[in-house]
Amino acid sequence: MLSLLSAHRGPAAVAMRTLCSHSAARQAEAIYWNDKHDSNESRFEKILIANRGEIACRVINSCKRLGIKSVAVHSEIDASSKFVQLADEAVCIGPAPTSKSYLNMEAILQAVKQTGAQAVHPGYGFLSENTVFAKRLEDLDVVFLGPNSKAIRAMGDKIESKRIANKAKVNCIPGFDGEVKDADEAVKIANDIGYPVMIKASAGGGGKGMRIAWNDKQAREGYRLSQEEAKSSFGDDRMLIEKFIDKPRHIEVQVLCDRHGNALYLNERECSIQRRNQKVIEEAPSVYIDPDTRKAMGAQATALAKAVGYDSAGTVEFLVDSKKNFYFLEMNTRLQVEHPITECITGVDIVHQMIRVGKGHPLLLTQKDIGVKGWAVECRVYAEDPYKAFGLPSIGRLTTYSEPTALENVRCDSGIQEGSEISIYYDPMICKLVTYGKDRQSALNTMVNALDNYVIRGVTHNIPLLRDIVTENRFVSGDITTNYLPEVYPDGFRGKQFSDRDRLNIAAVSAVVFAKNDLRNKTYLKKDRSNIVAGEAKKSFDWDIVASLDGKDLLCRVSYKEGGFTVAFEGSETLQIKDNFSLSDKVIPAVINGESVCMQMMARSFDERVTLQYLGTKCTTIVRTARAYDLSKFMPVRSDKDTSTTIKAPMPGLVKSVGVTVGQTVAEGQEICVLEAMKMQNSLSCAIAGKVKAVHFKAGETVNEEDVIVELEPLA
């Protein structure tokens, strides 16, 4: 039975709606400067958002700006989520699993009837490209705020969409024109086309159900894993194979169409920075695309849209080679995740235009109205461990959370707040962090500042990787392809590689933290603590300290006098550090020798460990007095534990299959089990040859990070 919450859900929800409404209104005024519409045209009175998280918040914000009431639908564990608090009404549609909530078509349709919503915005993912859902809404005389079901069906099937694209004279990638039946046929077709090939699901998108194969073994394994992912994510396991374009750029074109035959393109987005075929960083426009190529790509994108009678916002994706030849990849018949960067450079509220088109109004924008104003960059901030395959999911509660929205030219599209839970059931996205400016470098500089000031505690996140990418020389120069991550980080991401100067900065600030803590400990109870150091301004203090980090021990003398610290390193430099932060600050705006250096205070422990985040990467420094350092040499050293005999879960997830039994002999590198996390299939193999000693989990059970799934005994 559905549970309905009225618009009056307590002062906290009202305060949230009011605060976010005012914030969104101010931001909208600055961003949507080109959002043409007739203020007297008719509008929907109530829209239901059939989605969750940040995209639900995004749609609700546009509804509020337009004076349209919003309805949120949510699972049981999402009951206190930000998007539920923002909406005017909320309906619980089932338990946490997506199959029982956000993919539960009957429950959502019942919510539509129950609330009297006149239209439904599906966001992206879930039911956003489901033709049955669109048709069921049509039968209820409720508007689906997306394209018509015929267009969804035509473009949602990658096999059919390629045929239509060819007829519309859109450049297409060479490949097999049909459905691949099994792994044996996949290998045969791959050999006929010539390696490398891309094996991918006919339905769906978002990087799921896709694998690159360079040989027969990878083709066979890629087909199996991709098919399982496709079935789990989209309920459709049909597969296709096409030529993989070496050194490609992934560039997409945003289109906007109405029901009156109008179609225009809102320029391109560069989406080449990817891991596991999922986008990590996007920007608009692309540094690689010149005006003539942009015009040609836009013309083909709108031609394809017109060929299927498209009538909403959509995205036509292309692969572009080193000679600027571009090939049709697929069309996403929905609002795209990365649409905010297009809004920043065009001034168009894409969600508003989708609502207008759904109401039957013609586009008032023409192609001449669409220019390129400035530059925008989007970083997808995920609850992921970037040190594991560039990002394996992390779960937990956001114990501390602060977005860098106080900075100019920063936009945060998020669906979470302090106290929110990141669970195994949904995508681990925390926020789409967008920065914009007059040119690319301005946008990148703002992004660096925003990442440095973004405070996230309680879950592992990918800011270290994002921060490193946006300052890496090759990325800054614009020399990128979809192979960027494995080429720049061939051994995986290992964090920022600190220079000697970086280490001195870290050691110096850590030593100052130690000194400030020592001064605080020396103050008397009931003494004014508003400025402890200033209270002793006429005295000087000195500490002989050893700061140990990255295997190096740095001896220094820390001195305090007249509101500042001097850190003199033995045989090296002397740094002056301004006393402008307290021990409770999350962000440390350090000033070292007159230069601003942003750090974050991650942790201070009783054993004199100071953990700072600097240049995006966490670094722990052991700070001890010289005496304590001398004594530490007599302490025993803990030896590392051998983990080669265990297969552990690298992230929380669901065990899809276990391919071994107790007593079975396994070879080095053999697949042991398959773990599913956020609908992605991950094959886990053994590091040594051995005999299976124990199997602790079976298919269908959930595991937490570091849980031991299988134990091995080395072969004698």
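The following exchange concerns the nonpolar cores and strand pairing of a predicted model.

User: On what basis are local features and side-chain values reported here?
Analyst: Because the model is predicted, local features need pLDDT of at least 70 and side-chain atom pairs count only at pLDDT 80 or more, whereas totals for chains, interfaces and linings use all residues. Side-chain values use heavy atoms, without hydrogens and water, and residues are numbered from 1 along each chain.

User: What makes the 61 residues a nonpolar core?
Analyst: The term denotes buried Ala, Val, Leu, Ile, Met, Phe, Trp, Tyr and Cys residues joined through side-chain atoms within 4.5 Å; buried means under 20% relative accessible area (exposed is over 50%, partly exposed in between; 1.4 Å probe, protein chains only). In this largest core, I47, L48, I93, V120, F133, L137 and I355 touch the most other members. Helix α2 (residues 53-66) contributes the most, seven residues; helices are DSSP runs of H or I with at least four residues, strands runs of E with at least two, numbered from the N terminus.

User: Which residues does I355 contact beyond its neighbours within four places in sequence?
Analyst: They are F44, I47, C63, L66, I68 and L145, contact being heavy atoms within 4.5 Å.

User: Why are β24 and β25 said to pair?
Analyst: Pairing requires at least two DSSP bridges between two strands. Strands β24 (residues 541-549) and β25 (residues 552-561) share nine, in the antiparallel sense, so the criterion is met. F541 stands opposite Y560.

User: How do you know that β24 also pairs with β31?
Analyst: Four antiparallel bridges link β24 to β31 (residues 617-625), so the requirement of at least two is satisfied. I622 is the bridge partner of S548.
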